[in-house]
Amino acid sequence: AADGLGSIAIDTTQLNMSVTDPTAWATAMNNLGMVPVGLAGQQLVTGFDPSLSMMTGITPINPMIPGMGLVPPPPPTDVPVVKEIIHCKFLLFPPNPNLPPPSTRERPPGCKTVFVGGLPENATEEIIQEVFEQCGDITAIRKSKKNFCHIRFAEEFMVDKAIYLSGYRMRLGSSTDKKDSGRLHVDFAQARDDFYEWECKQRMLAREERHRRKMEEDRLRPPSPPAIMHYSEHEAALLAEKLKDDSKFSEAITVLLTWIERGEVNRRSANQFYSMVQSANSHVRRLMNEKAAHEQEMEQAKESFKNALTGILTQFEQIVAVFNASTRQKAWDHFSKAQRKNIDIWRKHSEELRNAHSEQLMGIRREEEMEMSDDDSGDNPSKKLRVDDSALAAQAYALKEENDSLRWQLDAYRNEVELLKQEKGQLFRTEESLTKDQQLQFLQQTMQGMQQQLLSIQEELNNKKSELEQAKEEQTHTQAMLKVLQEQEINVLTVALVNQDREKTSEKRSPGLKSEKEALLIGIISTFLHVHPFGANIEYLWSYMQQLDSRISANEIEMLLMRLPRMFKQEFTGVGATLEKRWKFCAFEGIK
């Protein structure tokens with residue numbers, strides 16, 4: 001573009017025109033056949049040197065592509081636009097900067113085509129190409145006979161550069177004919193090709209997104225479980241060996257569960273499955289031993305944590321002691337104001353941490369004391385009931401296991417009898433058949449005896465269950481009685497504590513106020529408690545005072561309230577765990 005400007009011979013006297021010169025501006029507007037408009041502002045072009053192919057005073061730039069074109073890039077909307085005259089085989093005069101920017105329609109999706117109106121009647125397609133090719137690569141120009149055309153660019157961002165030329169007045173050469181001049185209007189155009197390409201691009205992006213999500217789902221999907229082999233006597237024998245191995249037990253128990261759920265258990269394989277179930281039951285003792293070992297490790301970890309917490313609390317106490325010693329007047333006077341402020345902040349922070357750690361340690365000790373008290377109270381009837389309940393439950397569980405084992409043996413005998421019947425069939429009576437009949441009779445007798453034994457065991461189990469239910473009812477009754485007694489003791493203690501506090505507060509005489517700050521605090525606290533007729537606890541009152549003075553503490557507020565028993569009184573509300581101390585404003589009662 002700069003080379004093209006250098007090859008064009010233009011009279012420099014026509015370019016030295018300032019907007020501040022009304023005569024020059026009026027002459028330019030008259031040459032274009034337009035009414036002059038009064039305009040004050042900056043000089044449009046300072047000068048042009050044909051030998052240097054550049055405007056004097058400024059760096060040659062391409063306004064459409066920053067640093068390489070004719071038209072400057074569109075500035076931000078909040079910055080006033082200053083456009084310059086563009087010289088080529090034609091002249092482009094910028095619009096009045098005081099006028100509002102040209103209006104445009106809503107931009108269609110994927111717009112690459114612009115509508116250009118207000119072209120001079122004598123403007124050819126080559127001139128239009130030369131004007132707009134600075135904005136980017138042009139793929140098509142469709143010119144109409146009615147002074148407008150449609151221009152399609154290769155990329156979407158080139159449309160924004162073309163919109164910048166909207167409002168310019170175009171003049172071909174130095175002619176003053178109206179057919180050689182016109183005011184350009186550039187706007188977005190809606191084209192089917194642009195919309196089709198935009199839709200194709202959106203579909204491609206959607207496909208890529210779906211592919212990306214599918215890859216992510218495949219990556220996050222858990223792996224498939226291993227395949228379970230089918231049941232056979234050989235596999236069952238291998239599985240029985242695996243069930244006895246601790247390292248392979250989890251894998252083997254999964255296979256056994258799958259076989260049972262599939263329905264592989266029948267009369268022929270019942271004994272084999274029973275032996276595998278019995279092997280699985282033998283691992284219960286191992287699991288209980290592991291649980292006991294883990295509980296022991298947990299107790300050791302608790303003990304080590306408590307010891308470490310005690311050491312930390314001791315160090316906190318030493319640090320707080322250092323801060324308290326530093327705040328004494330002997331050393332406090334030698335510190336600067338900033339140093340005193342830092343020491344005070346550090347002391348408060350250390351005290352808060354120390355209190356938090358001490359509360360945590362006291363909570364651990366309280367839990368240990370409660371466990372010790374539970375262990376020591378051996379004569380407690382509820383403890384005895386719990387022991388009896390556990391013994392009864394153990395006996396019931398043992399009886400149930402024995403019952404199940406006998407039932408399984410009976411089923412096994414029945415299976416053997418039926419198999420013998422199926423194998424032998426209805427053969428002639430021989431000596432062997434007679435011996436078989438005797439065996440069958442013997443087995444039937446043993447089965448009847450086992451059935452009677454099962455009935456007696458079931459009766460014993462029912463009796464034990466009834467005894468267990470009675471013991472549970474007695475336990476619930478004793479627990480209810482214990483709760484009632486505990487609540488009565490708590491109520492008596494709360495009444496005694498309230499009476500002691502009232503006696504102490506009545507014995508104490510409220511001393512006089514020490515400073516104006518205490519009087520101000522009393523006024524604020526009185527106002528706060530007056531609007532809370534049911535009283536407020538010391539934490540709520542302290543949180544309110546913290547908003548006014550962050551240096552005040554809860555102990556300071558509580559000491560001030562206790563010094564004035566005729567203005568503030570303390571009451572206890574709630575029972576048991578909900579017991580709470582509340583302060584109330586009682587100055588109106590005290591003055592009477």
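Which residue in strand 10 stands opposite F115? Hold that thought for a minute, and let me set things up.

What we have here is a predicted model, where local features need pLDDT of at least 70 and side-chain atom pairs count only at pLDDT 80 or more, while totals for chains, interfaces and linings use all residues. Residues are numbered from 1 along each chain as its sequence is written, and side-chain values use heavy atoms, with hydrogens and water left out.

Okay, the sheet. It's an open one, built from 4 strands in the order 6-7-5-10, with antiparallel pairing. By strands I mean DSSP runs of E, at least two residues, and helices are runs of H or I, at least four residues, both numbered from the N terminus. Two strands pair if DSSP finds at least two bridges between them. Strand 6 (138–143) and strand 10 (185–188) sit at the edges with a single partner strand each, so one side of each has no neighbour in the sheet. On average, neighbouring strands are turned by 20° against each other, direction ignored; axes are lines fitted to C-alpha atoms, for helices over the stretch in contact, and angles run from 0 to 180 degrees between N-to-C directions.

Back to my opening question: the residue is D187. Strand 5, residues 113–117, is joined to strand 10 by 4 bridges, and the two run antiparallel.

Helix 3, residues 125–132, packs on this sheet and touches strand 5, strand 6, strand 7 (148–153) and strand 10. Contact there means heavy atoms within 4.5 Å. The helix direction makes about 140° with that of strand 6.

Now the loop between strand 6 and strand 7, which is where you'll find N147. Its phi is near 60°, positive in a residue other than glycine. N147 is partly exposed, at 24% relative accessible area. For the cut-offs, buried is under 20%, exposed is over 50%, and partly exposed is in between, using a 1.4 Å probe and protein chains only.

Cysteines next. C111 is buried at 1%, and C149 is buried at 0%. The structure holds 0 disulfides, a disulfide being a pair of cysteine sulfur atoms within 2.5 Å. The C-alpha of C111 is 9.2 Å from that of F157, 46 residues apart along the chain. F157 belongs to helix 4, residues 157–163, and is partly exposed at 46%.

Last stop, a hairpin. Strand 11 (residues 568–573) and strand 12 (residues 580–585) run antiparallel, joined by 6 bridges. E571 stands opposite R582. There are 6 residues between the strands, and G574 takes a positive phi near 90°.
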